[in-house]
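Me: Hi! I'd like to go through the charged pairs and the cysteines in this one. Could you take a look with me?

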Amino acid sequence: MRDLVTRRIRSASALRGPLLFVRGARRARLGEIVRIRCGGEERRGQVIEVSEEVAAIQVLEETRGIAPDRTEVILSGEVACLPVSRAMLGRTFDGTGRPADGFPPPVPEAIVPVNGAPMNVTRRAKPSEFIETGISAIDGMNTLVRGQKLPIFSCAGLPASRLAAQIVRQARTRGGDPFAVVFGAIGAPFRECQEFLDSFAASGAMHRTVVFLNRADDPPIERLLTPRCALTCAEHLAFTHGMHVLVVLTDMTAYCEALREVALARDELPGRRGYPGYLYTDLASIFERAGRLSGRPGSVTQIPVVTMPDDDLTHPVPDLTGYITEGQVVLSRDLDRRGIFPPVDVLPSLSRLMGLGAGEGRTRADHRPLADQIYAFHARGVDVRRMAAIVGVANLGDEERRFLEFSERFEQELVHQGDSFRTLEETLDTGWRLLSGFPSSALTRMRPDLAEKYRPTGAP
């Protein structure tokens, strides 16, 4: 039965997982927000599929207690939107954008659909200009630039969340440009959520941060909205208020698991590992919201954290993420076992846009050649380490021992830094100190004048 005046529908036919199926809902619109009433309780939902006979409604809250034959669905006529405002800075919200810090909602400057849209390619400006994270393995070796999307690939049990929180606390732009951070936790345990909030408050970074928390005990469906709410807020701060916004999302694997759950409930044909065939398109609709617009101040930069199931880099989630984004920062179990934090494995890590943000006029003239030289020596040292595991260190030549020592010092002195902040200059000076054990003739990746200018006094 349907009420033609108030658009109430009382023809729910089935409940399957997070989905409520309603017959005779041809007036419903795709993406429309609905209210679901049953037994005196009201829940929110979203229309995700409409056909001639049945509409599928994604319930955004707990489905326990919903009886289809006693359920009333009220169509709102509106799509999922988020009230946005600069007053959101310093505030904490749940995964759907409702205040979670005990304070009333901020007065909105606009109400914006959360799905957004990728930037028009003809209006995109090339990502450029350095964002300093205070992490040597990122700033020095895999530089992040404004408008880039650079994921962190982690394994289960590695301190990716700790690294993400450190980036939120420390990240900044050089030159005093207005800067903000939007942090989205997706499916995070309660203890981890509290640690995030305590860390941001203790460091003084909360005043320039907007936090969206989807906890592990929240409905999985809410995880599909959390990154979109975070990016909608970031876009408003960037392109309305001219701020440079860094969006940190952890963990996108939890988002993909929720997407798979909904797809299976809709009886969709599964793709690789049971994920829907449109996983690439869905992830692209999130990651491609990073960037800069020509002629307008502000930028949106993304650092999504992706946990690789079974430590498999070819798993669909990290695999497709790598196709869409512009590089990756890979965390290593071996470095973590040795007590190195952050355990960034530099060799498989890459920032494809590093050349746009590093170098003379942007960071320092020796930045890129120094990173290339360190990378080359470290790669040689890792090869020697593998050989030493077979023949023994005692059977290595003097040159091999020098490269082996360099790799160990590189990991202990440059990659390892704990929770401390390092400026880019401190990172580059540390790199030069590591290279001081090699003669100038061995530095084949940089111009002689740069080596003469920045090389420590007394180096061979």
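Me: Which residue forms a salt bridge with Asp282, and how far apart are the closest N and O atoms?
Reply: Happy to help! One note before we start: this is a predicted model. The partner of Asp282 is Arg228, and the closest N and O atoms of the two are 3.5 Å apart.

Me: Where do those two sit in the chain?
Reply: Asp282 belongs to helix α6 (residues 279–287), while Arg228 is part of helix α4 (residues 226–239). The bridge links distant parts of the chain, with the two positions 54 residues apart in sequence numbering.

Me: And are Asp282 and Arg228 buried or exposed?
Reply: Buried, both Asp282 and Arg228.

Me: Which residues are joined into one network by salt bridges that share partners?
Reply: Arg124, Lys149, Glu288 and Glu326 are joined that way.

Me: How many salt bridges does the count come to?
Reply: The count comes to 38 salt bridges.

Me: Let's try another one. What does Glu132 pair with?
Reply: Glu132 forms a salt bridge with Arg172, and their closest N and O atoms are 2.7 Å apart. Glu132 lies in strand β13 (residues 128–132) and Arg172 in strand β16 (residues 172–173), so this pair ties together parts that are 40 residues apart in sequence.

Me: How accessible is each partner there, Glu132 first?
Reply: Glu132 has 0% relative accessibility and counts as buried. Arg172, at 35%, counts as partly exposed.

Me: What about Asp94, which residue does that one bridge to?
Reply: Asp94 bridges to Arg98, with the closest N and O atoms 3.0 Å apart. On accessibility, Asp94 is at 13% and counts as buried, whereas Arg98 has a relative accessible area of 37% and is partly exposed.

Me: Switching to cysteines: how many disulfides does the structure hold?
Reply: Zero disulfides here.

Me: Why no bond for Cys81?
Reply: The closest cysteine sulfur to that of Cys81 is in Cys229, and because the distance is 10 Å, the two are too far apart for a bond. A disulfide needs the sulfur atoms within 2.5 Å. Cys81 itself is partly exposed, at 32% relative accessibility.

Me: Then which cysteine has the sulfur closest to that of Cys229?
Reply: That would be Cys233, whose sulfur is 9.4 Å from the one in Cys229, again too far for a bond. As for its surroundings, Cys229 counts as buried, with 2% relative accessibility.

Me: Great, thanks for the tour!
Reply: Any time!

Conventions. Residues numbered from 1 in each chain as written. Predicted model: local features only at pLDDT ≥ 70, side-chain atom pairs only at ≥ 80, totals over all residues. Heavy atoms only, no water. Salt bridge = Lys/Arg side-chain N within 4 Å of Asp/Glu carboxyl O. Buried < 20%, exposed > 50% of the residue type's maximum accessible area, 1.4 Å probe, protein only. Helix = DSSP H or I, 4+ residues; strand = E, 2+ residues; numbered from the N terminus.
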